[in-house]
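Student: Could you take me through one part of this model in detail? I'd like a close look at the empty space inside it and at what surrounds that space.

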Amino acid sequence: MDLQRALFWIFSLVMLASGLLVITRRRAVDSAIFLIQLFLCTAGLFLLLEAFFLAVVQVLVYAGAVVVLFLFVIMLLEPDPTTESRFPRIAVFGSAALAAALGLAFLLLLRKPVILPDAPVEALQGDLQAVLKPLFTHNLLPFELTALIILSAMIGVVLLSKQDLNKP
Amino acid sequence: MIPLNHYLLVSGLLLALGMAGVVLRRNTLVILMSIEMMLNAANLAVVAFSRFNHHIDGQILVFFILAIAAAEVAVGLAMIVALSRLRRWVGTNEVATLKT
C-alpha cells in the first residue's frame with residue numbers, strides 16, 4: 001500500500017469517525033471541535049485530489065471562520081442550555097435507519113466503476129492560477145453575484161441582531 | 001491512484017451521517033453543523049469529479065459553494081441568536097409553534 005492509498009484511508013476513516021462524533025456528542029462545543037477535525041480531513045482529501053487552492057480555502061473559511069462563528073454563538077448562548085438531554089429512542093432508530101439506508105444505497109450504486117468520458121491530454125492543475133483565472137474571466141458574473149450575496153448576508157445578520165427594531 | 005468510486009462512497013457516507021444528524025438532534029446549532037457536513041460531502045464529490053474529468057469547473061463550483069455556505073451559516077447563526085432572546089434554549093421542540 002503506497003503513501004497515497006494509506007493517506008486516503010487515514011483521512012477517510014478519521015473523517016467519517018469525526019462525522020459520527022459530531023452528530024452524537026451531547027454538548028455543542030464537542031460537536032464543533034469534531035467538526036473542525038472533519039474539515040481538516042476534507043482538506044487532506046482535497047490535497048490528495050490535487051486541489052491545492054481549495055484545500056487551503058477549506059481550512060481558512062470552513063475550519064477557520066465558520067466553526068469559529070459557531071463557537072462564538074455557543075459561547076454567547078448560556079453554556080447549560082446547549083447541552084441536550086437524552087436523545088429520544090425513536091429519533092435514534094429513525095436516524096440510524098436513514099443513515100444505514102442511504103449508506104447502503106451508495107454502497108450498492110458504487111460497486112461498478114463510474115464510466116467517465118475521455119479525459120483531455122493535458123493534466124489538470126489545481127493550483128491558484130488554474131482556479132482563479134477562470135474565476136475572473138469566464139466565471140466573473142457568478143463571482144460578483146456571490147459578493148452581492150455575502151453583502152446581503154452581512155446586512156441580514158446586522159438586522160437580525162438588532163434588539164429593538166424601532167431604534168436605528 | 002485511488003478510483004473515483006472510493007471518493008464518491010466517502011462523500012455519500014458523510015452525506016448519510018449529516019442527514020442522520022439533522023434528523024436526530026434537537027439542538028439547532030448541531031443541526032446547522034450537520035447541514036455544513038452535508039455541504040462538505042457535496043464539495044468532496046464535486047472536487048473528485050473535477051479531478052477525474054480533468055475539468056476545472058468543479059473546483060470553481062466548490063469555491064462558490066464554500067462562499068454561499070459560509071454566508072448561510074452566518075445568517076442561520078444570527079437567527080439562532082435572535083431566537084435565543086425569546087426562548088432560553090433553542091431546541092426544535094421549543095421553537096415548534098409559530099407564536100412567539
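Tutor: Sure, with the reminder that this is a predicted model. Let's begin with the enclosed space: there is one cavity of 30 Å³ or more. About 50 Å³ of space lies in that largest cavity. Its lining draws on both chains, with A:Gln4, A:Leu48, A:Leu49 and A:Glu50 from chain A, and B:Met1, B:Ile2, B:Tyr7, B:Arg51 and B:Phe52 from chain B. By class, that makes six nonpolar residues, one polar and two charged.

One of those lining residues, A:Glu50, deserves a second look. A:Glu50 sits in the loop between H2 and H3 of chain A, and its phi is near 60°, a positive value in a residue other than glycine. That's worth a flag, because most residues other than glycine have a negative phi. A:Glu50 counts as partly exposed because its relative accessibility is 33%, and the cut-offs for that class are 20% and 50%.

Chain B has a residue to set beside it. B:His54 is in the loop between helix H2 (28-53) and H3 of chain B, and B:His54 also has a positive phi, about 55°, although it is not a glycine. With a relative accessibility of 25%, B:His54 counts as partly exposed.

Another cavity-lining residue, B:Tyr7, leads us to A:Leu45. A:Leu45 belongs to helix H2 (residues 28-48) of chain A. Its relative accessible area is 0%, so A:Leu45 is buried. Leaving aside neighbours within four places in sequence, A:Leu45 is in contact with A:Phe8, A:Phe11, A:Ser12 and A:Met15 in chain A, and with B:Tyr7, B:Val10 and B:Leu44 in chain B. If you want a distance for scale, the C-alpha atoms of A:Leu45 and A:Ala91 are separated by 31 Å, and the two residues are 46 apart along the chain.

Some of those contacts carry us on to the open spaces. A:Phe8, A:Ser12 and B:Val10 are among the residues that line the second largest pocket, and so are A:Trp9, A:Leu110, B:Asn5 and B:His6. This pocket has a volume of about 170 Å³. Helix H1 (3-24) of chain A and helix H1 (4-24) of chain B are the elements that give two or more residues to its lining. Sorted by class, the lining has eight nonpolar, three polar and no charged residues.

The largest pocket has a volume of about 340 Å³. It is lined by 19 residues, and the closest to its centre are A:Leu69, A:Val157, B:Ala70, B:Ala71 and B:Ala74. Helix H3 (52-76) and helix H6 (140-160) of chain A, along with helix H3 (57-84) of chain B, each supply at least two lining residues. The class split for this pocket is 18 nonpolar, one polar and no charged.

Since chain B keeps turning up, here's its overall layout. Chain B has three helices and zero strands, giving α-α-α from the N terminus on. Its radius of gyration is 17 Å, well over the 13 Å that the globule rule gives for 100 residues, so chain B is more spread out than a compact globule. Its C-alpha trace spans about 55 × 25 × 15 Å along the principal axes. Even so, 60% of its 100 residues count as buried. Of the contacts in chain B with a separation of 6 or more, 56% are between residues 24 or more positions apart.

Methods:
Residues numbered from 1 in each chain as written. Chains lettered and ligands numbered in written order. Predicted model: local features only at pLDDT ≥ 70, side-chain atom pairs only at ≥ 80, totals over all residues. Heavy atoms only, no water. 1 Å grid on protein atoms, 1.4 Å probe; cavity = no way out; pocket = protein on both sides within 12 Å on 5 of 7 lines; lining within 4 Å. Points joined across faces, edges and corners; volume = space filled by probe spheres on them. Helix = DSSP H or I, 4+ residues; strand = E, 2+ residues; numbered from the N terminus. Nonpolar A, V, L, I, M, F, W, Y, C, P; charged D, E, K, R; others polar. Rg over C-alpha atoms; globule rule 2.2 N^0.38 Å. Buried < 20%, exposed > 50% of the residue type's maximum accessible area, 1.4 Å probe, protein only. Contact = heavy atoms within 4.5 Å.
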